[in-house]
Amino acid sequence: MVMRLGEEEKDMLSGKQGRLIQGAMQHLVKLGEAYDSRRMIDLEYAVVYSTVDMWGKKKRKINFLTPECFEEAIKLGVRVKIPTISGLGAVDIDNWECLKIPKEIVNGYQKQCDYDRKLGIITLPSCDPYLVTDMYRFPLGTHMTSIESSAIPYFNSVLGARANRDGIAAYFGALTGKYPEFGYHLDKNRKGQHIIEVKAKLRDYTDYGVLGLVIGKIVGADVPLIIIIEKPTTYELVHLAMGVSTGGAVALYHILGVTPEAKSLDEALDYRTLKQKVVITRKELDTVYKEYSGTDEKVNFVALGCPYYSIYDVQKLAGLLENKRIRSHVSLWIHMDIQTKALARTQGYLDIIEAAGATVVSGTCPVLSAGEPGPTYTFQHPEFSVGNFATDSIKQAFYSKLLLRPQKILIGDMQRCIDAAIKGKWR
Ligand code: F3S
């Protein structure tokens, strides 16, 4: 379908605003045509990756994502049209040496961040950016674009924003402030298609992540309406969003009586498109835990804070690590964004965490890092294994299994993971 474009969109398409804007608009028009979209809508927020230059390279070549086009845009005074923050990448800019990230990759990342800042993008790499920006105050129905699979279901479901699962289109949406109207931007695609009744009592955020994984595997890319007994906390909802986008490709879920578009069954469902009702019990969750279990295993690597910890999680963690020391053969990585890290420093939590021998990581994580451990390093070194890997996050467990060649993956709550790091053993 040919899209109807307004004057502003035609202007961007004409090239008057430079090749970067022209290329971005061309890409969005093609995306809209592929999804039978009739028109562009105005966006209000964007979350993008600072590794946009990778799309201009090798196989993923998009010919206008070159240094020349970025420099031309900056000279022309191009700015992102909407509030935009950049998400995660392969680099922790404060800690790259410790994480053994090659200098040339750090330089490339810094160059892209430099372009981003000149284009008006705020560099705040985080996989749960809504916890540290004003995004948690979205008016219901805010149209936005986002990269980061675990953040998108949170935006859609908990905050009632409207976003698709975007990749590079998020960057183009930020540059133009426009996006083709399709998918979760339309009312008709936001209704629950599966009723998921959860009969298990959920103990903590790790349980919510595992539940999400189970639901994602059942519904794939559809919209589940979840019925649970407990009222989840914010970080439990973060883990649920992470789980559904790991087990499946869920971009939107509803929880009856909890999320804003599910005050009642009638509001959340379109009965004509309802596919099935499924009951989940503790048995389904335990099946997942069994895959990631062990006793008396030696632990080599512990990764906590996936998605990134909030200051309250860091506070709890500091309490568990106070006056303790992790075993010398264990690496303990704690993930948080730079804003939370700064706050943790002023509260004295960072001193406690570092005194215990842990490494605070911002801007990346083991499954993204360009250092060691990280997928690139692992694939380039066939003899390398991260060893026995423990985490409190089902996403970290799931992807580490694929990308870090662990001997064993173990999953448990924060307390259990910290005990393992201190004793060097999983119990
Ligand atoms: Fe974030 Fe890495 Fe987890 S990107 S959601 S910490 S796998």
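Arg 405 sits in the loop between helix H15 (394–403) and strand E16 (406–411). In this predicted model, Arg 405 has a positive phi of about 45 degrees, although it is not a glycine. Its relative accessible area is 31%, so Arg 405 counts as partly exposed.

Asn 323 is another non-glycine residue with a positive phi, here about 60 degrees. It belongs to the loop between H11 and E13. Asn 323 is exposed, and its relative accessible area is 78%.

**Cis peptide bonds**

Cys 306 and Pro 307 are joined by a cis peptide bond, with omega about -10 degrees. Pro 307 is in the loop between E12 and H11. A cis bond also runs from Glu 372 to Pro 373, where omega is near 0 degrees. Pro 373 is placed in the loop between strand E14 (359–361) and helix H14 (375–380).

The backbone items above can be set side by side.

| Item | Value | Location |
|---|---|---|
| Asn 323 | phi about 60 degrees | loop between H11 and E13 |
| Arg 405 | phi about 45 degrees | loop between H15 and E16 |
| Cys 306 to Pro 307 | omega about -10 degrees | Pro 307 in the loop between E12 and H11 |
| Glu 372 to Pro 373 | omega near 0 degrees | Pro 373 in the loop between E14 and H14 |

**Ligand shell**

Which residues are around the ligand? Cys 306 and Pro 307, the two partners of a cis bond, both belong to the shell. The other residues around the ligand are Leu 88, Cys 127, Glu 148, Ser 150, Cys 365, Val 367, Leu 368, Lys 395 and Gln 396. By class, the shell has seven nonpolar, two polar and two charged residues.

**Second largest pocket**

The second largest pocket has a volume of about 490 Å³. Its lining is made of 24 residues. Nearest its centre lie Tyr 235, Ser 310, Ile 311, Tyr 312 and Asp 313. Four helices each give two or more residues to this lining: H8 (234–247), H11 (311–321), H12 (338–346) and H16 (414–423). The class split of the lining is eleven nonpolar, six polar and seven charged residues.

**Aromatic pairs**

The model holds 15 aromatic pairs. A pair of rings is described by the distance of the centres and the angle of the planes.

Tyr 130 and Tyr 154 are stacked, at 3.9 Å centre to centre and 10 degrees between the planes. Tyr 130 is in the loop between strand E4 (122–123) and strand E5 (144–146), while Tyr 154 is in helix H5 (residues 151–158), so this pair ties together parts 24 residues apart in sequence. Both tyrosines, Tyr 130 and Tyr 154, are buried.

Why does the pair of Tyr 205 and Tyr 235 count as edge-to-face? The planes of Tyr 205 and Tyr 235 stand at 80 degrees, with centres 4.8 Å apart, so the pair is edge-to-face. An angle over 60 degrees is what that label requires. Tyr 205 lies in helix H7 (residues 205–219) and Tyr 235 in helix H8, so parts that are 30 residues apart in sequence are tied together. Both Tyr 205 and Tyr 235 are buried. Tyr 235 is also one of the residues nearest the centre of the second largest pocket.

Ring pairs also build a cluster, made of Tyr 45, Tyr 130, Phe 138, Tyr 154 and Phe 155. The stacked pair of Tyr 130 and Tyr 154 is part of this cluster.

**Sheets and strands**

Strands of a sheet pair through backbone hydrogen bonds, either parallel or antiparallel.

One open sheet has four strands in the order E4-E3-E2-E5, with parallel pairing. E4 and E5 are its edge strands, and each pairs on one side only. Strand E2 (residues 45–48) runs parallel to E5, joined by three bridges. Val 47 stands opposite Ser 146 in E5.

Another open sheet of four strands follows the order E9-E8-E7-E10, and its pairing is parallel. Its edges are strand E9 (254–255) and strand E10 (276–280). Strand E8 (residues 224–227) pairs with E9 in the parallel sense over two bridges. There, Ile 226 stands opposite Ile 255.

Strand E12 (residues 301–304) is joined to strand E13 (residues 331–335) by four bridges, and the two run parallel. Ala 303 has Trp 333 in E13 as its bridge partner. In a regular strand the side chains alternate between the two faces of the sheet. In E12, Phe 301 and Ala 303 point one way, Val 302 and Leu 304 the other way, and all are buried.

Notes: Residues numbered from 1 in each chain as written. Predicted model: local features only at pLDDT ≥ 70, side-chain atom pairs only at ≥ 80, totals over all residues. Heavy atoms only, no water. Near = heavy atom within 4 Å. Nonpolar A, V, L, I, M, F, W, Y, C, P; charged D, E, K, R; others polar. 1 Å grid on protein atoms, 1.4 Å probe; cavity = no way out; pocket = protein on both sides within 12 Å on 5 of 7 lines; lining within 4 Å. Points joined across faces, edges and corners; volume = space filled by probe spheres on them. Phe/Tyr/Trp six-rings, centres within 6.5 Å; stacked < 30°, edge-to-face > 60°. Buried < 20%, exposed > 50% of the residue type's maximum accessible area, 1.4 Å probe, protein only. Pairing = 2+ DSSP bridges.
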